[in-house]
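This report introduces a single structure to a reader who has not met it before. It takes up solvent accessibility, aromatic rings and the largest pocket in turn.

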Amino acid sequence: MDQVKKGKLFVISGPSGVGKGTLVNLLRTKYPEIIISTSVTTRNPRPGELSGIHYFFIKKEDFLFRINQGNFLEWTEFAGNYYGTDKNIVELTIEQGHNLLLEIDVKGALQVKKHKSDAILIFIEPPSIEELKSRLFKRETESEQEIYERLSIVKSEIDKKTEFNYCLLNDKLDRAFSDLESIVLKEINATESCK
Ligand code: 5GP
């Protein structure tokens, strides 16, 4: 019997406010067959966010319990909240031949690379830290203190971009999306090399 060809695992990462979510949403609309992972988090839902759609919102003690159970492929503490990716869902999705995309922070992306060396890591870079700051203030989803907390780690996040397979600049949304689309399609259509 033919074996199902495994799906590809994409990890999109980069500083908070860089536009990862917007790029992923464009990809989701154009390629609904690519599955976007829903993370688990302890952060409070923002207005309009729904559990099971934007995140699975859970209590901190439940998150800590799940860490102990080894439920996460990766997890991180980011700006005072926990975020994680369910290991079984990732395994099952890929095994069934679906291409899966994670939109996660830089620390989490590097954890994924450690466990899954064939994951395709894509770093989204901001045009400048000033531009990032202005985007974070404009979107009005975090308090001033939370914005500065998110900005305080940007330099260290950008320093890690060399550990990613691809790096793309989000200065113009159209261009960044077309770059992302080319990378994703190239990787999905790549034939396995003979080993
Ligand atoms: P936000 O609170 O703005 O939704 O997310 C904050 C940061 O956490 C973003 O950089 C987002 O990509 C990241 N993030 C969301 N889900 C996960 C996850 O499951 N794991 C990790 N490591 N980061 C995540």
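## Accessibility of two aromatic residues

A residue counts as buried when its relative accessible area is under 20%, as exposed when that area is over 50%, and as partly exposed in between. The model discussed here is predicted. Tryptophan 75 has 32% relative accessibility and therefore counts as partly exposed. Tyrosine 82, at 11% relative accessibility, falls under the 20% limit and so counts as buried.

## Aromatic pairs

A pair of aromatic rings is described by the distance of the centres and the angle of the planes. The structure contains eight aromatic pairs. One of them joins tryptophan 75 to tyrosine 82, with 5.9 Å from centre to centre and 40° between the planes, a tilted arrangement.

One aromatic cluster is also present, made up of Tyr55, Phe57, Phe78 and Tyr83.

## The largest pocket

Rolling a probe the size of a water molecule over the atoms shows where empty space is left. In this model, the largest pocket encloses about 1100 Å³ of space. Two or more lining residues come from each of helix H1 (20–30), strand E5 (72–78), strand E6 (81–86), strand E7 (100–103) and helix H5 (129–139). The greatest contribution is that of H1, with six residues.

In total, 39 residues line the largest pocket, and those nearest its centre are Gly21, Arg46, Tyr55, Glu103 and Arg139. By character, the lining comprises eleven nonpolar, 16 polar and twelve charged residues. Tyr55, one of the residues nearest the pocket centre, also belongs to the aromatic cluster.

Technical notes:
Residues numbered from 1 in each chain as written. Predicted model: local features only at pLDDT ≥ 70, side-chain atom pairs only at ≥ 80, totals over all residues. Heavy atoms only, no water. Phe/Tyr/Trp six-rings, centres within 6.5 Å; stacked < 30°, edge-to-face > 60°. Buried < 20%, exposed > 50% of the residue type's maximum accessible area, 1.4 Å probe, protein only. 1 Å grid on protein atoms, 1.4 Å probe; cavity = no way out; pocket = protein on both sides within 12 Å on 5 of 7 lines; lining within 4 Å. Points joined across faces, edges and corners; volume = space filled by probe spheres on them. Helix = DSSP H or I, 4+ residues; strand = E, 2+ residues; numbered from the N terminus. Nonpolar A, V, L, I, M, F, W, Y, C, P; charged D, E, K, R; others polar.
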